[in-house]
Amino acid sequence: MAMQRTLGAEWGHAMLGLLCVVAACIGVCDAVSVVDVYRMIQYDLQGVPFGCRRAALNHHASSLLLFSNSSQASDLSRSVIIVPVARASIAILKDLIQKKQILGGLLLLLPSRFSSHGSADGSADSEDIDADMLENISELEQLLIHKTLPYPVYFAFENKKILSLLREVEENDAAGKHATAVTGGYKLVVPVSEPKKLATVSLSNLQAWLPGLRGDGDASQLPTIAVVASYDTFGVAPALSEGSDSNGSGVVALLELVRLFSRLYANPKTQGRYNILFGLTSGGPFNYNGTSKWLKGFDQRVRESIDYAICLNSIGTRSNNLLMHVSKPPDSIYIKQLYDVFKDVGSQIGLEVTLKHKKINISNSRVSWEHEQFSRHRVTAVTLSKIEHAPDLLEHSGGIADKREKVDPSAVAQVVKLTAESLASYIFGHQGSPIEVFADGSSLAVSHSYIGSWLELLSRTPRVAAFMSKSDPLIEAFRKELSEHTPEVSIHNEPFDSSFVFYNVPKAELSIYQVASVGLDLIILVAVSAYLFILFVVLVISTKSLDDLVVMFRRPPTKKFKGA
Amino acid sequence: MTLFHFFNCAALTFGPHFVYYTATPLSEYDALRTCWKAALVYLGTTLVKLVCLATFLQVSENDNFDVSQESLKAVINLLDVLGLYIALTQLTYRNISQNHKFQAVGLCWAFSDSLLHRLAPLWVGARGLEFTWDYLLQGLESNANLVFTISFTALGSLMWLRKSKPKFIVPLIYIAAAVLITMPSIINYLRQGLSWDFSKVVAFELLASLCLALLTWQLFIACQRPIGQ
């Protein structure tokens, strides 16, 4: 093989050697630049098509100026509009999406800071993502998710190359020289086939049991406390839906709780008389479909043994107010008992816990909080979240605007501490008395570095359930982490049989070509023919004579140019 | 549209060879047989050169101009001279005069070279969507190469085939031949050592080829004169 490689390389040398030709030709390939692009989600909801319905792209690049200046629809249907989301006016963009204008395609540029793998061109621009921009992008995302766009929509990260292209295109558009097949310009090509439905989508729920201490001869089943977080996301670009806050923060908090309680339970003296069930559920954005399946899979007795279920959702934002969402009436004895514990512990660590009640409407299929799935199975459950209002379908589901910057690891740590202390005081029955089990500096302290590293990982991993296989590395990582701390871990794969249908091609490669116009080619043709003709005339005159030339042109001259 | 561009580039790359063949008396002498033989010699030479390059040259990781490697390459390039020598002197051709023989050999040599080195990149590259000037430049380079090769075969025929030539001209012929032989190395140096643009390199090649062609022409005429008088 080494021999082959040498020979192959020597080919290059040989070509260079005499006439140095080919190196330039190989270099030519670099002129075409290839950009990673992330396609907008395409899905059917109850048979109704949503999202962007096309994937293949092969049109000229143009800018938003073209849309705001001109009114000819025919122009736009053959051009890809490039929009830098951070700088463009969101109003115009919305206008573009709202109007049922047919575009050749839409390429939305996200700031390079949005790339979870560092800025694409290696330039360290320290410009922070400001809250306004996140707000705008999040708003745009919600708008796009509920639209049906008959043209391909792609997301890409800004880099130098693409920005300089955009500048050039904008200048051309401003000057009124629109890029069409005749005038040259840039051509954007995504060579993919039409998207197909994803045949089988499975939801993988992970569960881990931490058994409590059973008294001697105590045959009866121990009560159980469940801690649950859903880990998957949904966003306008599935390959970019990393969902740091929704629900990366909840997952991180759950993993840290697993670690803390496994330590606490490792010593029989501090092992409580409660089993703890940890669940990482899938299908969260889709009415907690996975949670429902998971609960249905439980044995009746196990389900009845659950005293409480505590769901963690979007707890990473910086705020001193944590909401405890419940669906049972707040004056119910069970809720009151739990709320009091959380409130007391919260006041000790400076976190205000507020109770928020929302009744379940059984006839409505929408499940806004994970605890509602538990409540539907008659398990007392609460959701801890920093989100105040019950999110609509596909809202707050960890889309492209839900970046690592939104989450404060210390806020997550605070909620972990609150939950851990509350659970401990509930388990050990220390209501009211100020004890601190998970004290800072002790071996049971909440680890900021653990939270930080998991948060980093989750903020870099897109987790839309439809695009995760059963053996996805992330699921494997969860399983490993859980089995490191708990004796009994299992993965339940459930079919996703909701009204959602997804389509493939979440990401692709965009090739950018600088193309010449037909006019230029014509000019070159004329020039080359003229050159060959002059060469012919000169050679004939110099080697034969003028008369010969004249004789030749008595005959049809085209015959002479058959080679040219 | 891109096939159009390919056509343009191909016309620029290979057109001059055809024009040369049809416009000069070569076509009247039915020089194709000569061409055919010279092409075989070219093929053999290129293969031998490839083997030599693969055997003796190290793979360089960077594109820097390495003097020792380049001189080695220049030595291997002397094989071209050997090949042309064989094509000019050792092969027997019927029906062709000295003057037309070197033209036929040079033309064919340059054409085979263009065909082998340029057609594949052209086919692969110029039909792509991306527009670059490189293939047109490459076509111009092919023209320069044609002039170079014919100049060199002209000098070669002066050196090896012509018995009587003015004494003072002999060193000039050898100097010109030496310049022609070192041309690829010079171009390589410009390209890699000084990292010139491709366009600049091609301009230089065109200019140099024209100068050398003029020089060769003058030498040729000078050699022709005593016989005529």
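Colleague: What makes residues 202-223 of chain B count as helix rather than strand?

Modeller: In this predicted model, 100% of the span is helix and 0% is strand. A helix is a DSSP run of H or I with at least four residues, and a strand a run of E with at least two, each numbered from the N terminus. The end C-alpha atoms of residues 202-223 lie 31 Å apart. Residues 168-190 of chain B are 96% helix and 0% strand, with end C-alpha atoms 32 Å apart. Residues are numbered from 1 along each chain as written, and chains are lettered from A and ligands numbered from 1 in written order. Local features need pLDDT of at least 70 and side-chain atom pairs pLDDT 80 or more, while totals for chains, interfaces and linings use all residues, and side-chain values use heavy atoms without hydrogens or water.

Colleague: Why is A:Leu222 called buried or exposed?

Modeller: A:Leu222 has a relative accessible area of 5%. Buried means under 20%, exposed over 50% and partly exposed in between, with a 1.4 Å probe and protein chains only, and therefore A:Leu222 is buried. A:Leu222 sits in the loop between strand S10 (202-210) and strand S11 (224-230) of chain A.

Colleague: Which residues is A:Leu222 in contact with, leaving aside its neighbours within four places in sequence?

Modeller: Contact means heavy atoms within 4.5 Å. The partners of A:Leu222 include A:Gly212, A:Arg273, A:Asn275 and A:Ser305. A:Ser305 is 83 residues from A:Leu222 in sequence, yet 7.3 Å away in space, C-alpha to C-alpha.

Colleague: How many residues has the largest nonpolar core?

Modeller: The largest nonpolar core has 64 residues, and A:Phe261, A:Phe278 and A:Phe438 are among those with the most contacts inside it. Helix H8 (residues 244-266) of chain A brings the largest share, 11 residues. Such a core is a set of buried Ala, Val, Leu, Ile, Met, Phe, Trp, Tyr and Cys residues joined through side-chain atoms within 4.5 Å. A second, separate core of 63 residues includes B:Leu26 and B:Ala154.

Colleague: Which residues of the largest pocket lie nearest its centre?

Modeller: They are A:Leu539, B:Tyr20, B:Val147, B:Ile150 and B:Ala213, out of 31 lining residues. A pocket is an open set of points on a 1 Å grid over the protein atoms alone, where a 1.4 Å probe fits, with protein on both sides within 12 Å along at least five of seven lines; lining residues have an atom within 4 Å of a point. H7(B) gives the most to this lining, with 10 residues.
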